[in-house]
Amino acid sequence: MTSTLIPLTGLPGRYGARQVVRAEFAKLRTLRSTKWTLAITIIGTLMVTILATNSVQHSGPGRGLLNFDPTNQSLSGFALGSLAIGVLGVLAMTGEYSSGTIRSSLAAAPRRPLLLAAKAIVTGFIGLVVGEVMTFACFFIGQAIMAGRVQTAALGDPGVLRALVLTGAYLALLGLLGLGLGVIIRHTAGAIAAFVGVIFLVPALLQPLSAHGNPARFAPEEILSNSVAAVLPQSHQLSPTVGFLFMIGYCVAVLAVAVVLLNRRDA
């Protein structure tokens, strides 16, 4: 994977946040991995959503789904989407280390916290746009598939719009988490493995401890599926707002460590 160095334009010998953000956006946009990752995110999320809602549809109207959450069901595909957008965040940083262009980037923008902030803005913006578009697309597709078979949800129903908006924003936070891990680990395979472990392995490891207060509810993927994307309250789970704030805290902590290491280590 290669990355293109985009010159920072502006006053001679000076650069600012706008120039660095513009350069990072152009850099990430030109990477082939970005296009492939976004394509996998969109196609994979939609396919899982179609399969998940179609399986409910074939269950028939007499299933007696007393606590059925049609909104949450239509967002089932985000288990895959969360992985793909995290990988995009990882590649936004590790791609430069693997290609060696990190030295050129730091030469063009020697203020390292500013460089990381620009990457975070670009990664977060792309994740937010893709997340919101995919959330509403999955919702409408899922409700259309389930219509006439089981109860469905509408945007005006209590909690539905909140669940959709927060789920899309949550995807952006997962991208930032991947970016932070990419800065800390600096190797693509290792950073992706760490992201997968945090997102998917931690909840599985904590699941046997559910008898002691369900600590798995604090894991990022558990927060997404059972708190943020849920309209009906789930027992022994965090509320959507608290869960979303926990995820913000995780991202802030990881990015803070990333800033410290980026300043201390050589390129």
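1. Arginine 186 is partly exposed in this predicted model, because its relative accessible area of 24% falls between the limits of 20% and 50%. Arginine 186 sits in the loop between α7 and α8. Its backbone deserves inspection: phi is positive, at about 70 degrees, although the residue is not a glycine.

2. Histidine 236 also merits a check of its backbone. It has a positive phi, near 60 degrees, and is a residue other than glycine. Histidine 236 is placed in the loop between α9 and α10. With a relative accessible area of 65%, histidine 236 is exposed, because the value is over 50%.

3. As to the overall fold, the protein has 10 helices and 0 strands, so that every element in the order from the N terminus is α. Buried residues account for 48% of the 267 residues. Among contacts between residues at least 6 apart in sequence, 77% join residues at least 24 apart. The accessible surface comes to about 12400 Å², and carbon and sulfur atoms hold 68% of that area.

4. The largest nonpolar core has 53 residues, and Tyr170 and Leu174 have the most contacts inside it. The elements giving two or more residues to this core are α1 (17–30), α4, α5 (102–108), α6 (112–146), α7 (160–185), α8 (188–206), α9 (220–228) and α10. Of these, α7 gives the most, with 13 residues. In soluble globular proteins, nonpolar side chains tend to be buried together.

5. Which residues does leucine 174 contact, leaving aside its neighbours within four places in sequence? They are Ser82, Ile85, Gly86, Phe195, Ile199, Leu224 and Met247.

6. Helix α4 covers residues 78–99, which is 22 residues. From its first C-alpha to its last, α4 reaches 30 Å, close to the 32 Å expected at 1.5 Å a residue. The helix nevertheless has a kink of about 35 degrees, centred on methionine 93. It is mostly covered, with 17 of its 22 residues buried. Glycine 100 follows α4 and has a positive phi, near 85 degrees.

7. Serine 82 lies in helix α4. Its relative accessibility is 0%, so serine 82 counts as buried. Apart from neighbours within four places in sequence, serine 82 is in contact with Leu171, Leu174, Phe195, Phe200, Glu221 and Leu224. Leu174, one of the residues with the most contacts inside the largest nonpolar core, is thus among the partners of this polar residue's position in α4.

8. Phenylalanine 246 is placed in helix α10 (residues 240–264). Is phenylalanine 246 buried or partly exposed? It counts as partly exposed, because its relative accessibility of 32% lies between 20% and 50%. Not counting residues up to four places away in sequence, phenylalanine 246 touches Phe218, Ile223 and Leu238. The C-alpha atoms of phenylalanine 246 and proline 220 are separated by 8.4 Å, and the two residues are 26 apart along the chain.

9. On cysteines, the structure holds 0 disulfides. Cysteine 138 counts as buried because its relative accessibility is 0%. Cysteine 251, at 4% relative accessibility, likewise counts as buried.

Notes. Residues numbered from 1 in each chain as written. Predicted model: local features only at pLDDT ≥ 70, side-chain atom pairs only at ≥ 80, totals over all residues. Heavy atoms only, no water. Helix = DSSP H or I, 4+ residues; strand = E, 2+ residues; numbered from the N terminus. Expected span 1.5 Å × (residues − 1). Bend = angle between axes of the 7 residues up to and from the residue. Buried < 20%, exposed > 50% of the residue type's maximum accessible area, 1.4 Å probe, protein only. Contact = heavy atoms within 4.5 Å. Areas by Shrake-Rupley, 256 points an atom, 1.4 Å probe, with all protein chains shown as cover. Disulfide = S-S within 2.5 Å. Core = buried A, V, L, I, M, F, W, Y, C linked by side-chain atoms within 4.5 Å.
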